[in-house]
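The exercises below are meant to be worked through with the sequence and the 3D view at hand. Try each task before reading the solution that follows.

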Amino acid sequence: MKKQPTSRKLLRIHKDDNVLIVVNTVQPGDKDLVEDREIVFTQRIAIGHKVAARMIRRGEKLYKCGVPIGSAKEDILAGAHIHLHNLQSDYIETYTLDKDRVYAK
């Protein structure tokens with residue numbers, strides 16, 4: 001069996017993840033190999049941030065660490081930064097206590 005090359009910039013925690021974690025800051029023009037495809041980064045992305053492992057379509061579930069973390073608000077290109085601008089949480093609404101200690105949305 002051929003061993004998959006190990007990325008030096010990105011980390012995949014679970015085999016089903018379509019979201020990868022940046023482990024070495026990437027700069028515009030940097031390249032990396034993911035799923036036998038070359039990704040060319042178009043922006044600086046800091047350590048700990050998320051990037052798309054492949055093209056992700058609008059509405060598709062995003063998986064990190066083997067669990068869904070939300071859905072894509074728009075099409076996301078491979079290697080693109082994933083954050084609030086293109087990620088929608090699919091978690092249920094949260095409730096907090098207001099000043100009178102009553103649950104409020």
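**Exercise 1.** Which residues form a nonpolar patch on the surface, and about how much accessible area do they have together?

*Solution.* The model is a predicted one. The patch is formed by Leu 11, Ile 13 and Val 23, which together have about 230 Å² of accessible area. To place one of these residues, note that Leu 11 is found in strand β1. Leu 11 has a relative accessible area of 37% and therefore counts as partly exposed, since that class lies between the limits of 20% and 50%.

**Exercise 2.** Describe the surroundings of Lys 9, beginning with its place in the chain.

*Solution.* Start with the sequence, where Lys 9 lies in the segment before β1, the strand of residues 10-11. Next, leave aside the neighbours within four places in sequence, and Lys 9 is found in contact with Ile 21, Val 22, Val 23, Asn 24, Thr 25, Val 26, Asp 30, Lys 31 and Asp 32. Finally, turn to the side chains, where a polar contact of 3.5 Å joins Lys 9 to Asp 30.

**Exercise 3.** Work out the order of the strands in the open sheet of three strands, and find which are its edge strands.

*Solution.* The order is β6-β7-β9, and the pairing is antiparallel. The edge strands are β6 (61-64) and β9 (87-88), because each of them pairs on one side only. Strand β7, residues 67-72, is joined to β9 by two bridges, and these two strands run antiparallel. As a last step, locate Ala 72, which stands opposite Leu 87 in β9.

How values were computed
Residues numbered from 1 in each chain as written. Predicted model: local features only at pLDDT ≥ 70, side-chain atom pairs only at ≥ 80, totals over all residues. Heavy atoms only, no water. Helix = DSSP H or I, 4+ residues; strand = E, 2+ residues; numbered from the N terminus. Polar contact = N/O pair within 3.5 Å; in protein donor to acceptor, adjacent residues only side chain to side chain. Contact = heavy atoms within 4.5 Å. Patch = residues over 30% accessible without salt bridge, like charges linked within 9 Å, V, L, I, M, F, W, Y side chains within 5 Å. Areas by Shrake-Rupley, 256 points an atom, 1.4 Å probe, with all protein chains shown as cover. Salt bridge = Lys/Arg side-chain N within 4 Å of Asp/Glu carboxyl O. Buried < 20%, exposed > 50% of the residue type's maximum accessible area, 1.4 Å probe, protein only.
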